[in-house]
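Trainee: I should like a close look at a single part of this structure, namely one pair of packed helices and what surrounds it. Please take me through the packing first and then through the residues that tie the pair to the rest of the chain.

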Amino acid sequence: MTIISSPLGEAESKLAGEALQGTLVELIDISLVAKQYHWNLVGPRFRSLHLQLDEIVAITRAHADTVAERSVAVGVNPDGRAQTVASAHGPGTGAAGWVADKAVVQGMVRILRASGGRLRERISALSEADPVSQDVLIAVARDLDKQAWMFEAQAAEAG
């Protein structure tokens, strides 16, 4: 049963839906990992990283909503259920227990850079199929790249 019609053709809607769904799952996963790190972070950079992790959570949750709503707009049901996120091969999990600030920085850089690579693949796939959905994913990539840079800067040694 289709309730919401798509402004796209069937093939384009399917491609956009897959790209948006993959991004939605990743964004939800990143927000959960960031919150796990946020609660268990220890070390001299605790305060700045604690606040930055909350920024990541806010950014990924806002983008997840936009991505899910775009999915609906192209006639595809988004799936952000816990079981869907848990079963997807996402960016990774935060460690259980206390996590040193250096490990949090390394983990977040790894997660954000890997996600950025997958986003670029999706962005490229949507270039002709759906430039509007592509634009949504470009905004996500821009913000995740910025956060990755900020985490990397925390780990950098001045030379």
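Mentor: What follows treats the pairing of helices α2 and α5, and then the contacts and salt bridges around it. The model is a predicted one, and the description should be read with that in mind.

Two packed helices are described by the angle between their axes and by the distance between those axes. For α2, residues 46-73, and α5, residues 131-155, the axes come within 10 Å and cross at roughly 170°. Since angles over 145 degrees count as roughly antiparallel, α2 and α5 are therefore roughly antiparallel to each other.

The residues that meet across this pairing can be listed from each side. On the α2 side they are Ser48, Leu49, Gln52, Leu53, Glu55, Ile56, Ile59, Thr60, His63, Thr66, Val67 and Arg70. On the α5 side they are Val132, Ser133, Val136, Leu137, Ala139, Val140, Asp143, Leu144, Gln147, Met150, Phe151 and Gln154. By class, the residues of this contact divide into 13 nonpolar, 8 polar and 3 charged.

Consider α2 on its own. Its 28 residues should span 40 Å at 1.5 Å a residue, and the end C-alpha atoms are indeed 40 Å apart, so expectation and model agree. The helix is followed by Gly75, whose phi is positive, near 80°. Within α2 lies His50, which counts as buried at 18% relative accessibility. Not counting residues up to four places away in sequence, His50 touches His38 and Leu41. His38 belongs to helix α1, which runs over residues 10-40. For α1 too the length agrees with expectation, because its 31 residues should span 45 Å and its end C-alpha atoms are 45 Å apart. Of those 31 residues 22 are buried, so α1 is largely enclosed by the rest of the structure.

Turning to α5, Gln147 is a useful residue to follow. Gln147 lies in this helix and is buried, with a relative accessible area of 3%. With its neighbours within four places in sequence left aside, Gln147 is in contact with Gln52, Glu55, Ile56, Ile59 and Leu112. Gln52, Glu55, Ile56 and Ile59 are also among the α2 residues that meet α5, whereas Leu112 falls within helix α4, residues 101-125. Another residue of that stretch is Met108, which is 39 residues from Gln147 in sequence, with a C-alpha to C-alpha separation of 8.9 Å. For a contrasting pair, take Ala114, which is in helix α4 and counts as partly exposed at 31% relative accessibility. The C-alpha atoms of Ala114 and Val67 are separated by 19 Å, and the two residues are 47 apart along the chain.

Just before α5, Asp130 occupies the loop between α4 and α5. Asp130 is buried, with a relative accessible area of 2%. Apart from neighbours within four places in sequence, Asp130 is in contact with Leu8, Ala16, Arg70 and Val74. Among these, Arg70 is one of the α2 residues that meet α5.

Charged pairs complete the picture. Side chains of opposite charge can pair when their charged atoms come close. Over the whole structure, 10 salt bridges are found. One of them joins Arg45 to Asp101, with the closest N and O atoms 3.5 Å apart. Arg45 lies in the loop between β1 and α2 while Asp101 lies in helix α4, so this pair ties together parts that are 56 residues apart in sequence. Arg45 is partly exposed, at a relative accessible area of 24%, whereas Asp101 is buried, at 7%.

A second salt bridge brings together the side chains of Glu152 and Arg113, at 2.7 Å from N to O. This pair also links distant parts of the chain, with Glu152 in helix α5 and Arg113 in helix α4, 39 residues apart. Glu152 is partly exposed, with a relative accessible area of 37%, and Arg113 counts as partly exposed at 36%.

Arg142 and Asp143 form a further salt bridge, with their closest N and O atoms 4.0 Å apart. Arg142 is exposed, at a relative accessible area of 53%, while Asp143 is partly exposed, at 22%. Elsewhere, salt bridges that share partners join Glu26, Arg118 and Arg122 into one network.

Terms used
Residues numbered from 1 in each chain as written. Predicted model: local features only at pLDDT ≥ 70, side-chain atom pairs only at ≥ 80, totals over all residues. Heavy atoms only, no water. Axes fitted to C-alpha atoms, helices over the stretch in contact; angles between N-to-C directions. Helix = DSSP H or I, 4+ residues; strand = E, 2+ residues; numbered from the N terminus. Parallel < 35°, antiparallel > 145°, perpendicular 65-115°, else oblique. Contact = heavy atoms within 4.5 Å. Nonpolar A, V, L, I, M, F, W, Y, C, P; charged D, E, K, R; others polar. Buried < 20%, exposed > 50% of the residue type's maximum accessible area, 1.4 Å probe, protein only. Expected span 1.5 Å × (residues − 1).
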